[in-house]
Amino acid sequence: MPGLATQVDRYSVVIAIGGIPIRVNTTDPDFLELLQNRYAGFVDAEERAELEFDVELAPPPSFVDPESDLSVTHRSGRWLVQRGNFRAEWNPAARRGSIRQTANPYSIDAVLRIVHTLVLARQGGFLLHSASAIRNGKAFLFAGVSGAGKTTISRLAPADATLLTDEISYVRTRHGAGYVAYGTPFTGELAKLGENASAPVVALYLLVQGPENRIEPVSVSDAGRELLANMLFFAEDREMVHCAFQAACDFVDRVPVRRLTFVPDARVWEMIR
């Protein structure tokens, strides 16, 4: 009958990473199932969410260049995030946003990482290209470029260690009393989601594979440069760049940073404390 609107069902899932629950809404039940499987272990049963995104699925032909460069810009109080296979908009004041993408898990994954970096930067935290694990109630970070040994050190972890990630670590400040590392679903070569757990960060190790196991001190200035080189940061915004730089400086002032040269042998973990 004319004038009658068709009601469209809406499905939601809350994905909690780093203690920040984000609700993702979709009208596609298959995409909802994809999200639930992709973020298994990080799906929050609670209805509460700090941020919310509506996802509109689009056919692949609507995105002309899936290999185009990522752009993260701030205009009129809103963040605009786009690449060839997705376009997203986020209003921090309203804590709401929208994403237009094809039905794949990689686009939403990229948006979530970027949004978390923006939230963390203002809080003094960051995402870091590093493996991380908890042992004896303490979290250790292992940073390095591709090939430095993040996945290797993760594979060598003893049975009593809880792996948080082999690729991207999540670090937050703890009310002026240090830093906490959280597990993430962002995987590297292990292709295994981290455990949804957290612990205080006690050390950052800069990885180097070599002929022997040894640990060397790193100056604060070198530690800061290496930390910045491994931080995930995408925003083309002067204020946010300053926040990220300050976060790195504060971290290396408060957390021991050491260079860890190691051979691919489980005995390296006897040195980590």
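**Exercise 1. Place Leu-118 in its surroundings.**

Which residues does Leu-118 touch, not counting residues up to four places away in sequence?

*Solution.*
Step 1: find the partners. Leu-118 touches Trp-79, Trp-90, Ala-235 and Met-240, once residues up to four places away in sequence are set aside. Contact means heavy atoms within 4.5 Å.
Step 2: find the element. Leu-118 belongs to helix α2. Helices (H or I, at least four residues) and strands (E, at least two) are DSSP runs, numbered from the N terminus.
Step 3: judge the burial. Leu-118 has a relative accessible area of 5%, so Leu-118 is buried. Buried means under 20% relative accessible area, exposed over 50%, and partly exposed in between (1.4 Å probe, protein chains only).
Step 4: take one distance. Leu-118 and Tyr-39 are 79 residues apart along the chain, and their C-alpha atoms are separated by 20 Å.

A note on the model: it is predicted, so local features need pLDDT of at least 70 and side-chain atom pairs count only at pLDDT 80 or more, while totals for chains, interfaces and linings use all residues. Residues are numbered from 1 along each chain as its sequence is written, and side-chain values use heavy atoms, with hydrogens and water left out.

**Exercise 2. Describe how α2 packs on α5.**

At what angle do helix α2 and helix α5 pack, and how far apart are their axes?

*Solution.*
Step 1: get the geometry. Helix α2 (residues 105–123) and helix α5 (residues 238–254) pack at about 65°, and their axes are 8 Å apart. Axes are lines fitted to C-alpha atoms, for helices over the stretch in contact, and angles run from 0 to 180 degrees between N-to-C directions.
Step 2: name the residues. From α2 come Leu-118, Ala-121 and Arg-122; from α5 come Glu-239, Met-240 and Cys-243.
Step 3: sort the residues of this contact. Four are nonpolar, none is polar and two are charged. Ala, Val, Leu, Ile, Met, Phe, Trp, Tyr, Cys and Pro count as nonpolar, Asp, Glu, Lys and Arg as charged, and the others, Gly among them, as polar.

**Exercise 3. Read the sheet.**

In what order do the seven strands of the open sheet stand?

*Solution.*
Step 1: write the order. The order is β1-β2-β3-β7-β6-β5-β4, with mixed pairing. Two strands pair if DSSP finds at least two bridges between them.
Step 2: find the edges. β1 (11–17) and β4 (71–75) each have a single partner strand, so one side of each is left without a neighbour in the sheet.
Step 3: add the twist. From one strand to the next, the twist averages 20°.
Step 4: check one pair. Strand β3 (residues 51–57) and strand β7 (residues 96–101) are parallel, with six bridges. Val-55 has Ile-99 in β7 as its bridge partner.
Step 5: recall the rule. Strands of a sheet pair through backbone hydrogen bonds, either parallel or antiparallel.

**Exercise 4. Trace the salt bridges of Arg-10.**

Which residues are linked with Arg-10 in a network of salt bridges?

*Solution.*
Step 1: list the network. Arg-10, Arg-23, Glu-52, Asp-54 and Arg-96 are linked. A salt bridge is a side-chain nitrogen of Lys or Arg within 4 Å of a carboxyl oxygen of Asp or Glu. By this rule the model has 16 salt bridges.
Step 2: take Glu-52. Its salt bridge with Arg-10 has an N to O distance of 4.0 Å. Arg-10 lies in the segment before β1 and Glu-52 in strand β3, so the pair ties together parts 42 residues apart in sequence.
Step 3: take Asp-54. In its salt bridge with Arg-10, the closest N and O atoms are 3.7 Å apart.
Step 4: compare accessibility. Arg-10 is exposed at 52%. Glu-52 is buried at 13%. Asp-54 is partly exposed at 28%.

**Exercise 5. Look at two phi values.**

Where are Ser-76 and Asn-136 found?

*Solution.*
Step 1: recall the rule. Most residues other than glycine have a negative phi.
Step 2: read the values. Phi of Ser-76 is positive, near 50°. Phi of Asn-136 is also positive, near 55°.
Step 3: locate both. Ser-76 is in the loop between β4 and β5. Asn-136 is in the loop between β8 and β9 (138–143).
Step 4: check exposure. Ser-76 is exposed, at 80% relative accessibility. Asn-136 is exposed, at 65%.
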